[in-house]
Amino acid sequence: YSADKAKFADSKVVLFFTAPWCPSCQETNKNLDADGAPDGLTVVRVDYDSETDLKQQYGITVQHSFVQVDKAGEKQKAWTGTLSGDEIKKQTV
């Protein structure tokens, strides 16, 4: 993520901690693939199983979690369970 920060500068960035074995994650992925992210929102998919450093950095303990980060990568808000890009955007601050 850090190498890509500049290209997301005008967008709210949300990290989506997803896993291939998680049914609700797959529903969110399917919705994002079909509809894309709403304008002004960038969703970065993060593999829940392999990105242990990011999970630790943001305090993520369950898959299907979301973390909104600012331009410096600092956590603004965290939540779980939203299923579409519109729902994700509604959760952002």
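**Briefing: fold, core and surface of a predicted chain**

From the N terminus on, the elements of the protein chain run β-α-β-α-β-β-α, with three helices and four strands in total. Helices (H or I, at least four residues) and strands (E, at least two) are DSSP runs, numbered from the N terminus. This is a predicted model, in which local features need pLDDT of at least 70 and side-chain atom pairs count only at pLDDT 80 or more, while totals for chains, interfaces and linings use all residues. Residues are numbered from 1 along each chain as its sequence is written, and side-chain values use heavy atoms, with hydrogens and water left out.

Overall dimensions
- The C-alpha trace spans about 30 × 30 × 20 Å along its principal axes.
- Residues 24 or more positions apart account for 60% of the contacts (heavy atoms within 4.5 Å) that have a separation of 6 or more.

Core
- Of the 93 residues, 40% count as buried (under 20% relative accessible area, 1.4 Å probe, protein chains only).
- The largest nonpolar core, a set of buried Ala, Val, Leu, Ile, Met, Phe, Trp, Tyr and Cys residues joined through side-chain atoms within 4.5 Å, has 22 residues; Leu15, Phe17, Tyr58, Val67 and Ile88 have the most contacts inside it.
- At least two residues of this core come from each of strand 1 (12-18), helix 1 (23-35), strand 2 (41-47), helix 2 (52-58) and strand 3 (65-69).
- Strand 1 supplies the largest share of this core, five residues.
- Beyond its neighbours within four places in sequence, Val67 is in contact with residues including Val13, Leu15, Phe17, Tyr58 and Ile60.

Surface
- The chain exposes about 5,300 Å², 46% of it supplied by carbon and sulfur atoms (Shrake-Rupley method, 1.4 Å probe).

Methods: Buried < 20%, exposed > 50% of the residue type's maximum accessible area, 1.4 Å probe, protein only.
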